[in-house]
Amino acid sequence: MAELPDASTCYELLAKMALIRRFEEEAGRQYQRAKAGGFLHLAIGEEATIVGTTSVMRDEDYLIGAYRTHGHAIARGAEPKHVMAELFGRVDGTSGGRGGSMHIFSREHRFMGGYGIVGGNLPIAAGLALASQYKGEDAVTVCMFGDGASNAGNFGETMNLAALWKLPVFFLVENNHYGMGTSVERHSAQTDLSKKAEGYGVPGERIDGMDVLAVREGVAEGIRAAREDRRPTILEAFTYRYRGHSAADPEVYREPEEVEEWQRKDPIEAFARRCVEADVLGEREVQEVRDKAEQVVMGAVEFADASPEPALDTLYENLYAVTDTEGWYAVDERSPEPHRGEREDRMPDAARELAEAGAAYAGQPAGPRPNPAEHGDADEGVEPEAAAEREEAGD
Ligand SMILES: Cc1ncc(C[n+]2csc(CCOP(=O)(O)OP(=O)(O)O)c2C)c(N)n1
Ligand SMILES: [Mg+2]
């Protein structure tokens, strides 16, 4: 068992885990109230894996995750109020309210997303690491993904290039035992995921993802190997999500007893107990951590609620039509023409057609435009069933 670090580090680790837990509980509640839209995937139960990892990263390092990453962004330093505002689809959100739960992003904190495509973050992680290598920088890219994502084709492609090009990248599989409702035994022929990249030249180990100190120890070594030896490795952390895959999950694929068994290993409770028993933290400090989390999270809800929705006339901002020909072209409401910063002389007909089709107001006379907000929105009073229906319609 890893040794307890000094009291202030213990306090920090506990505070971060407690904050993320409280944030996600509240995010779930706000989703039921239809304040948060789209999909919502909670990582409640996985806090030790998240915080253990980020706690040994440097500010200059990059982190890239999947779509269960509210906690990852907060652990990297994004403010809970900005993450909450993103869930609410408001302008003060981390992506200006355009991304929502699955697309939290903070370049400032080198948290590079937030991806809804399972396994889609893997090649991007290799790309980030390649960029660091190319620029001669010291930064390491940490790539976190689920057990299910290890079955994506680009898992192998990424591992191959990471090893071949000796990229400064470190991989962490958050093995929460399921990809949606499918257990690891039913979705992966090789159930030891730490071995899955070995043939590509990326060796791995397994750790207890419910123990924040074990995660710290394992990840610190993985990051060191990536930074100093340019040797990518993989760590499989065993963890568990206490909630369903997303907000509406009937959980027919697992027994309540299994959930209860993992709840008894609650990473936050276990760490707090250990710190108190070793006299590193007092009960008073543990309570203080909880009170602070409550305060910050309720402040975040208030902030998000007060933040305006993006203005309707910004609808076409930050939309890009990328074609199979050279260059990129912005599509917006002003006109179907390409705009400043674009390569007018190279705009092909395909891009122009796309612009015309995509820019709903293009070429129309200026004047009042329909405002969806006036036809009622889902802000208040939506029953949990309605939220569940929304979820069922997607993943
Ligand atoms: C390419 C792709 N295929 C399928 C899906 C649908 N899908 C969403 S989440 C998920 C399960 C992924 O499981 P895992 O990687 O273990 O992550 P976890 O949800 O357990 O954190 C699937 C199949 C998707 N989003 N993208
Ligand atoms: Mg999983």
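**Notebook: helices, a magnesium site and some backbone oddities**

I began with helix α1 (residues 7-32) and helix α8 (residues 212-229), whose axes come within 12 Å and cross at roughly 105°. Angles of 65 to 115 degrees count as roughly perpendicular, so I entered α1 and α8 as roughly perpendicular to each other. I note here that the model is a predicted one.

Next I looked up which residues make this contact. From α1 I listed T9, L13 and M17, and from α8 the residues they meet, V212, L213 and R216. Sorted by class, the contact of α1 with α8 has four nonpolar residues, one polar and one charged.

**Overall count**

I then stepped back to the whole protein. I found 13 helices and nine strands. The protein has 395 residues, and 49% of them count as buried. I also looked at contacts between residues at least 6 apart in sequence: 73% of these join residues at least 24 apart.

**The pair α5 and α6**

I turned to helix α5 (residues 121-134) and helix α6 (residues 153-164). Their axes come within 8 Å, and the crossing angle is roughly 15°. Angles under 35 degrees count as roughly parallel, and therefore I wrote down α5 and α6 as roughly parallel to each other. The crossing of α5 past α6 is left-handed.

On the α5 side I noted L122, P123 and A126; they meet N154, F155, T158 and M159 of α6. By class, I have five nonpolar and two polar residues in the contact of α5 with α6, and no charged ones.

**F155**

I followed F155 further, since a residue of that contact seemed a fair place to go on. F155 sits in helix α6. Is F155 buried or exposed? Its relative accessibility is 3%, and F155 therefore counts as buried.

Leaving out residues up to four places away in sequence, I found that F155 touches L122, F145, A149, S150, K196, A197 and I234. I checked K196 separately. F155 and K196 are 41 residues apart in sequence, while their C-alpha atoms are 9.4 Å apart in space.

**Helix α4**

I went back along the chain to helix α4 (residues 80-87), which is mostly covered, with six of its eight residues buried. Which residues of α4 are the buried ones? I listed P80, V83, M84, A85, E86 and L87. The buried residues of α4 pack against α1, α3 (70-76) and α11 (283-306). The α1 in this list is the helix I started from, which crosses α8 at roughly 105°.

Just after α4 I came to G89, where phi is positive, at about 70°.

**The magnesium ion**

I looked up what holds the magnesium ion (ligand 2). It is coordinated by D147 (OD), N176 (OD1) and Y178 (O), at 2.1 to 2.2 Å. The spacing of these donor residues in sequence is D-x28-N-x1-Y. Of the donors, I checked N176 and Y178 for burial, and N176 is buried, as is Y178.

**Backbone entries**

I kept the backbone for last. Most residues other than glycine have a negative phi, and most peptide bonds are trans. With that in mind I noted the cases below.

Which residues does a cis peptide bond join? The bond is between G113 and G114, with omega about 25°. I placed G114 in the loop between α4 and α5.

M180 is not a glycine, yet its phi is positive, near 50°. I found M180 in the loop between β4 (178-179) and β5 (182-183). The relative accessible area of M180 is 43%, so I recorded M180 as partly exposed.

E251 is another residue other than glycine with a positive phi, here near 55°. Where is E251? I found E251 in the loop between β7 (233-238) and α9 (256-263). With a relative accessible area of 25%, E251 is partly exposed.

V252 also lies in the loop between β7 and α9. At 77% relative accessibility I entered V252 as exposed. I then checked V252 against G181. V252 and G181 are 71 residues apart in sequence, and C-alpha to C-alpha they are 7.8 Å apart in space.

Terms used. Residues numbered from 1 in each chain as written. Chains lettered and ligands numbered in written order. Predicted model: local features only at pLDDT ≥ 70, side-chain atom pairs only at ≥ 80, totals over all residues. Heavy atoms only, no water. Axes fitted to C-alpha atoms, helices over the stretch in contact; angles between N-to-C directions. Helix = DSSP H or I, 4+ residues; strand = E, 2+ residues; numbered from the N terminus. Parallel < 35°, antiparallel > 145°, perpendicular 65-115°, else oblique. Left-handed = near helix turned anticlockwise from the far one by under 90°. Contact = heavy atoms within 4.5 Å. Nonpolar A, V, L, I, M, F, W, Y, C, P; charged D, E, K, R; others polar. Donors = N, O, S within 2.8 Å, 3.2 Å for Na, K, Ca; no water. Buried < 20%, exposed > 50% of the residue type's maximum accessible area, 1.4 Å probe, protein only.
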